[in-house]
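Please find below a note on the charged side chains of this model, set out as numbered points.

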Amino acid sequence: MDKKIKKVAVLGSGVMGATIAAHLANVGIPSLMLDIVPSKLTPEEEKKGLTLKDAAVRNRLAVNGKQNLLRMRPAALAVPEFASLIDVGNFEDHLSRLAEVDWIIEVVVENLKIKQDLFKKVAAVRRPGTIVSSNTSGIPIKDICTGMDLEFKQHFLGTHFFNPPRYMKLLEIVPIAQTLPEVVEFIAYFGERILGKGIVYAKDSPNFIANRIGIFGMLYLMKIMAEDGYSIEEVDAITGPPMGRPKSAAFGTTDLVGLDTFAHVAKNLYENATKDEMREIFKIPDFVQKMIEKNWLGNKTGQGFYKRIKSEAGKEKLALDYNTLEYHPAQKVKYPSLDAAKAASNAAAKAKALIYADDRAGQLAWKITSESLLYAARRIPEIADDIYNIDHAVKWGFNYEAGPFEFWDALGVEESVARMKKEGKDLPPLVKSLLAKKKKSFYQKKEGQLYFFDLKTGQYKKVPEKPEIILLPSLKERQKLIKSNAGASLIDIGDGVACLEFHTYMNAIGQEIIEMIHESLKIVEKDFVGMVIGNHAERFSVGANLLMLVGEIVKSNWAGIEAAIKAIQDAMMAMKYFEKPIVAAPHNMALGGGCEVCLSSHRIVAALETYMGQVEIAVGLLPGAAGNKEVYIRCIEGIPDGVNVDLLPFLRKAFENIAMAKVSTSAEEARKLGFLRPTDKVTVNGDHLLYDAKQTVLAMVQEEFKPPRPKLIPVAGDGGRAAIKYMANTMRQGGFITEYEEFIAGKLAYILTGGDVLTGAMITEQQMLDLEREALVSLCGEKKTQERITHMLKTNKPLRN
């Protein structure tokens with residue numbers, strides 16, 4: 001489809017509408033956000049002498065929606081400045097402006113008549129060919145556009161974002177019979193490539209895919225909980241990480257979503273899924289109804305299934321007794337199966353350790369899992385034609401590690417089905433067909449490619465692959481592994497590009513990774529055009545291996561520590577001046593040494609959700625892998641050669657980034673902090689990160705890449721150091737840093753100002769590295785640094801000593 005989205009209209013400025021507009025802003029798409037005109041003045045408006053005719057009043061809802069974005073935590077906007085891309089107005093005065101946009105997204109209240117009435121007005125002003133969609137979470141899409149002409153329906157569909165849109169990957173696309181295939185294809189492309197979404201194709205059935213499966217699972221869980229006498233705390237201990245689900249678990253997540261929203265979706269399912277064999281499950285339990293009547297809606301009202309209060313001991317978490325509707329201190333839950341699941345080495349072992357256990361945790365886990373798996377299998381082909389769309393919807397919509405059919409495979413289909421049969425459960429046609437064909441899993445892998453069992457044909461079919469998604473494990477299965485050790489691997493990702501993958505615990509950088517960096521450079525120099533540094537781990541890299549460092553400190557092996565620091569500094573310098581392009585592809589945490597790997601690469605292609613920073617001061621240290629040097633160079637590199645300027649403002653920025661352990665809340669904020677250069681890129685879809693990094697390598701090759709030339713670094717010398725130390729002292733006096741952190745800041749100031757040199761001196765990169773290494777070794781010998789490192793390893797929290 002020959003179309004571009006240059007501007008979008010968002011109809012509705014509530015939480016969902018505003019956050020969709022925010023995410024459009026995150027990817028550089030301007031939007032017009034409209035809402036209804038208020039019928040009454042607020043007391044503040046009356047005091048100002050405003051009337052219902054004033055624009056400030058008429059646009060109030062949309063203005064408030066935009067302003068609320070700046071206060072949201074987690075932040076809806078990648079950086080606050082992006083709010084400028086959101087224009088606001090109201091339905092009465094500005095609806096004609098819909099003619100300016102290329103896509104209209106409706107996000108008003110979940111009321112069919114209100115939506116239909118609004119779309120009649122939209123139809124009168126939209127340009128033909130403009131795509132129109134509804135973000136409804138469950139009202140039938142075909143009903144919403146009843147009465148519209150054919151051209152409108154051809155460009156109409158459901159686009160169900162999950163909250164919050166910036167962070168939740170799922171976008172359910174729900175076409176109607178008249179929607180043009182090219183419209184569906186285009187929105188899927190735009191959603192995936194531009195908005196960074198995981199696309200799932202849903203049928204126009206009640207509440208589509210994710211909510212249909214998820215709400216059933218939650219309500220069935222409540223039923224079993226009440227019947228078998230489990231507490232809220234017990235349920236959440238079982239239905240969180242031990243089952244491959246978020247830490248918030250069942251009831252913590254419901255508090256986050258809001259009981260009113262949860263009840264609304266359930267009510268919609270009960271009213272519309274009239275042929276669902278489990279329809280009675282969708283009736284809201286009495287205790288939930290009473291909670292809603294009391295306005296105990298969860299986090300938004302301060303209490304729900306949990307409540308947090310201040311006590312003498314500090315903040316205390318209370319849990320609800322759903323029988324008495326009284327709160328009590330949340331109890332810790334311990335079962336052998338939970339410990340076994342935690343200790344399991346992989347997802348399959350974790351699932352089996354819990355769900356096949358005989359204790360109370362295992363019994364609950366089996367009951368809710370077996371029924372949810374059977375329910376999901378019975379929904380094919382009602383809500384989707386294939387299992388992978390259902391798996392993707394559940395994973396991406398609820399942040400589960402696996403969808404129902406992936407989880408079923410992990411449990412073992414034969415073993416679980418045998419138990420289901422023994423308990424007298426009816427098997428859905430999908431499962432019967434699978435077993436009749438003598439198949440043992442819903443998915444299977446052949447030569448690194450994934451296949452799924454298809455109900456329609458009774459055969460395995462290939463899960464669609466996309467060139468934008470590079471999967472390193474799949475490439476390894478296809479014999480693309482070049483070299484590997486315990487810390488890292490070098491993999492051929494095609495077109496002459498190699499990828500250096502870290503795979504230690506939390507990708508902490510130790511001797512094995514350093515060795516693989518050097519080995520990779522030798523191989524790439526000979527056989528490849530360039531290299532990407534990236535991985536699929538939860539975190540890109542959390543920095544240096546502190547456990548290894550502690551071992552050397554205990555032995556007072558200062559020479560060994562200095563040699564290890566020198567080795568990683570040499571590796572970073574080798575990367576920086578390597579003759580072929582190196583592109584770092586960070587995501588999630590890129591901290592300490594992980595950040596330094598990025599700073600020493602020639603280019604960075606970062607996932608939008610990249611949290612980057614030099615955080616070493618939290619453990620009483622300073623960057624030791626060229627981080628001080630590279631942060632400072634990035635701050636001054638905009639200064640033209642031969643121009644004499646006051647270095648102090650640039651020095652101050654570098655100092656603050658390191659001394660205050662600033663960590664970006666997005667890749668765009670990393671750019672503001674100076675970790676990313678203007679030439680570095682941000683990828684919104686994390687699944688495309690390695691592909692985009694690879695394409696950047698190839699583009700640099702086409703541009704005849706040359707490594708940077710070594711340059712002398714201008715430093716502020718003793719004069720600048722005095723100013724920075726005064727600044728650090730002021731911070732301590734103000735209570736922002738401790739006395740020991742002021743001591744560390746003095747060492748940082750010494751590095752960044754070039755050591756014992758005069759203001760305006762020029763030093764080499766190696767001189768600054770030597771200062772960095774000397775400071776770091778000396779800090780390792782400090783008792784308070786050792787206390788900080790030990791505390792971090794034990795608690796995963798910083799110590800302010």
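The points below concern salt bridges and one patch of surface charge.

1. The model is predicted, and the remarks that follow should be read on that basis. Under the criterion of a Lys or Arg side-chain nitrogen within 4 Å of a carboxyl oxygen of Asp or Glu, the count of salt bridges comes to 59.

2. One of these pairs is Lys694 with Asp495, whose closest N and O atoms are 2.9 Å apart. Lys694 belongs to helix α29 (residues 689-702), whereas Asp495 sits in the loop between β16 (488-492) and β17 (497-502), so the salt bridge ties together parts that are 199 residues apart in sequence. The two partners fall into opposite classes of accessibility: Lys694, with a relative accessible area of 8%, is buried, while Asp495, at 57%, is exposed.

3. A salt bridge also joins the side chains of Lys576 and Glu630, with an N to O distance of 2.9 Å. This pair links distant parts of the chain, 54 residues apart: Lys576 is in helix α24 (residues 558-576) and Glu630 in helix α26 (residues 627-636). Lys576 is buried because its relative accessibility of 12% is under the 20% limit. Glu630 is likewise buried, at 1%.

4. Arg788 and Glu741 meet through their side chains in a salt bridge of 3.0 Å, N to O. Here helix α33 (residues 783-795), which holds Arg788, is linked to helix α31 (residues 739-752), which holds Glu741; the two residues are 47 apart in the chain. Arg788 has a relative accessible area of 0% and is buried, and Glu741 counts as buried at 7%.

5. Beyond isolated pairs, salt bridges with shared partners connect Arg212, Asp276, Glu277, Glu371, Arg378, Arg379, Glu382, Arg419, Glu423 and Lys425 in one network.

6. Which residues gather in the patch of positive charge on the surface? They are Arg308, Lys310, Lys315 and Lys317. Strands β9 (306-311) and β10 (314-321) each contribute at least two residues to the positive patch.

7. Within that patch, Lys317 lies in strand β10. Its relative accessible area is 36%, and Lys317 is therefore partly exposed, a class that lies between the limits of 20% and 50%. Patch members must have over 30% relative accessible area and no salt bridge; the value of 36% for Lys317 is consistent with the area requirement.

Terms used
Residues are numbered from 1 along each chain as its sequence is written. This is a predicted model: local features need pLDDT of at least 70, side-chain atom pairs count only at pLDDT 80 or more; totals for chains, interfaces and linings use all residues. Side-chain values use heavy atoms; hydrogens and water are left out. Helices (H or I, at least four residues) and strands (E, at least two) are DSSP runs, numbered from the N terminus. Buried means under 20% relative accessible area, exposed over 50%, partly exposed in between (1.4 Å probe, protein chains only). Patches are made of residues with over 30% relative accessible area and no salt bridge: like charges are joined within 9 Å, nonpolar side chains (Val, Leu, Ile, Met, Phe, Trp, Tyr) within 5 Å. Accessible areas come from the Shrake-Rupley method with a 1.4 Å probe; for residues, only the protein chains shown count as cover. Lys and Arg count as positive and Asp and Glu as negative; His and the chain ends are not counted. The place of a charge is taken as NZ of Lys, CZ of Arg, CG of Asp or CD of Glu.
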